[in-house]
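Here are a few exercises to work through with the model open beside you. Try each task before you read its solution.

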Amino acid sequence: MIKKINKNDEYDFIIIGSGSAGSVIANRLSENSNWKVLLLEAGQRANVFTKVPPYSPSVPANSVQLEETSATVLFIKKGGYLSVEYPYASKLTAAFLKAGKELGEDLVDYNSPNFMGFSRIQANLKHGQRHSVAAAFLDPFLDRPNLQIVTSARVNKILIDPGTKEAYGVEFYKKHIKHTVKARKEVILSAGSFHSPQLLMVSGVGPKEHLRELVALLHNERPITPMESQQYKHPTILYWKVQIEHMRIPLIQNLPVGESLYDHVSFLGLIFTINQTVVSTALALNPVESLKWLFKGTGFLTSLGGVEALAYIKTEQSVETENYPDIELILASIGSLQFDYGIISRRELRVKLDFYKEYFRPLENKPCYAMLPMLLHPKSKGYLKLRSKNLFDPPLLYGNYFSDPENHDLKTLISCEMFIFDSDAYWECALRSLGVTLHHQISTCKMGPENDPESVVDNRLRVYGVKNLRVADTSIIPVTLSAHTSAPGMMIGEKASDIIKEDWKFDG
């Protein structure tokens, strides 16, 4: 239920974040009517636009509980809360699947054990409408008296006793008012691969040297002269002393939070013009399509932004002995950034305007489609750091794409034998210029054994060295996946719920 939060309220469990994992955990833990569960979500409630699959990416991130809509290589239980359907498919999908068969590949259901091959895309849709994890796992259960959901709640800090190193509550802001709530049993962090590590670090759990570094960075912003340093009461010195003290984060536990970051990188430049229009921009605004979607749950408005099909393939660069993919090929029937004239997609993918004008604008109003190769198992590894102690400052992200010493990542994406017109050097330049993230970041709060220098949580998702604190989201995934990250996030939520129930002796 959604109701007013009271000062110093106490709960058995406090869950931070209602994404793919957090929504599932809130549902499963509140199945025990004796447990009082609080779910804190920074975003607002979903609205009508978030139910329309092609429109949902254009909704501001702070106005919807976000998770990917595409299904992944994961076994989805039939008869569960979450609905999975096939979205819109044009005749390009039929051509794509036919081409796969001609290449000797199988036509498969990639949400099955036999996932190597070509397939139509599957999506979290219900009667053609986007069916988010929150819609599936939270909305039908809002009448549970022991489940409280607070939206527009920006968590500022996890409260940890520095002596006992025990998490005992959370500090958050709602409508500019600070609230403090206590957890009798656990705080569960499910804020995602960016915000979970950020929140751990501002709460004093992170790399010791980096937390010290923040104060040093502030010193460097405004060097103090020797004369000023003698004048202790100088107002400028007092200001900077206050600022430095404000920036200081007391260390609770020295852990490699944020020091590991893997991501899936893709390439926007494989666009092919065709001799007839298959999917036009006007289709998205056609009233007939709106009626088909509204009354039948069919038509173009069920489309995942033009993504219609995919293939899991193994290239010659793969070092896997088993038949396991290293590339996912994604068919986009709408082409690329030119479909919306670069108004939304260009900004979302951080493509510079002058680059768009040179390479994508000439394709506007021309029939075309795109193939997006996605690197599934990159060797390149990035990291994440704090920008400041302020949770409202986004963290600093360093993807380090295509940085592995052996250039394995670039070689996997380069398929020069398919092209006679240019060289590897050309494709390397193209990949570095038009390589984009598909936002499948993982591993920033890596799960692993205690002797692993990169591990943050153990195999029961408990933060090393801190009691009553777990991380349960895709940030804990230790290795790259042949999958998008939404369904694995749900799986983590289910497994975390089982672990927590087991640890607290609930077998209902």
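The expected span of a helix is 1.5 Å times one less than its number of residues. Keep that rule handy for the first exercise, and bear in mind that this is a predicted model.

**Exercise 1. Helix α2**

Task: Compare the span of helix α2 with the expected one, then work out which residues are buried and what covers them.

Solution:
- Start with the length. Helix α2 runs over residues 91-102, so by the rule above its 12 residues should span 16 Å. In the model, the distance from the first C-alpha to the last is 17 Å, close to that expectation.
- Next, pick out the buried residues, using under 20% relative accessible area as the cut-off. In α2 these are L92, T93, F96, L97 and G100. They sit on the same side of the helix because they cover an arc of only 135° around its axis.
- Now turn to the face pointing away from that buried side. Exposed residues K91, K98, K101 and E102 are found there.
- Then ask what lies over the buried residues. The cover includes β3 (117-120), β14 (307-313), β15 (327-332) and β16 (368-375).
- Finally, look past the end of the helix. G104 follows α2 and has a positive phi, near 90°.

**Exercise 2. Strand β16 and its partners**

Task: Find how many residues of β16 are buried, and list strands that pair with β16.

Solution:
- Begin with burial. Of the 8 residues in β16, 7 are buried, so the strand is mostly covered.
- Take β12 (residues 265-267) next. It pairs with β16 in the antiparallel sense over 2 bridges, and V265 has L375 of β16 as its bridge partner.
- Move on to β13 (residues 271-273). This strand also runs antiparallel to β16, with 3 bridges between them; I271 stands opposite A370.
- Finish with β15. Here 6 bridges join the strand to β16, again antiparallel, and L331 stands opposite M371.

**Exercise 3. An annotated residue**

Task: Is V155 buried or exposed, and which residues does V155 touch?

Solution:
- Check the record first. An unreviewed UniProt entry has a "binding site" annotation that covers V155.
- Place the residue. V155 is part of strand β7 (residues 154-161).
- Read off the accessibility. V155 has 6% relative accessibility, so it counts as buried.
- List the contacts, skipping residues up to four places away in sequence. V155 touches I16, L40, V170, E171, F172, L199 and L391.

**Exercise 4. Two cores**

Task: Which residues touch the most other members of the largest nonpolar core?

Solution:
- Recall the background: in soluble globular proteins, nonpolar side chains tend to be buried together.
- Go to the largest core, which has 62 residues. I158 and L200 touch the most other members.
- Follow I158 outward, leaving aside neighbours within four places in sequence. I158 is in contact with I16, A167, G169, V187, L189, L199, L200, S203 and L469.
- Apart from this core lies another, of 34 residues, with F118, L268, I330 and L375 among them.

**Exercise 5. A buried loop residue**

Task: Where does F360 lie, and which residues does F360 touch?

Solution:
- Locate it. F360 is in the loop between α10 (353-359) and β16.
- Test for burial. With 1% relative accessibility, F360 counts as buried.
- Compare sequence and space. F360 and Q338 are 22 residues apart in sequence, and their C-alpha atoms are 5.7 Å apart.
- Collect the contacts, not counting residues up to four places away in sequence. F360 touches L268, I271, S336, L337, Q338, F355 and L434.

**Exercise 6. Positive phi outside glycine**

Task: Are H127 and L461 buried or exposed?

Solution:
- Start from the general rule: most residues other than glycine have a negative phi.
- Look at H127. Its phi is positive, about 55°, and the residue lies in the loop between β4 (125-126) and β5 (129-130). With a relative accessible area of 59%, H127 is exposed.
- Now L461. Its phi is also positive, near 65°, and the residue is in the loop between β19 (435-437) and β20 (469-471). L461 counts as buried, at 5% relative accessibility.

Key: Residues numbered from 1 in each chain as written. Predicted model: local features only at pLDDT ≥ 70, side-chain atom pairs only at ≥ 80, totals over all residues. Heavy atoms only, no water. Helix = DSSP H or I, 4+ residues; strand = E, 2+ residues; numbered from the N terminus. Buried < 20%, exposed > 50% of the residue type's maximum accessible area, 1.4 Å probe, protein only. Arc of directions from axis to C-beta. Contact = heavy atoms within 4.5 Å. Pairing = 2+ DSSP bridges. UniProt positions renumbered as here; feature names shortened; annotations may be inferred. Core = buried A, V, L, I, M, F, W, Y, C linked by side-chain atoms within 4.5 Å.
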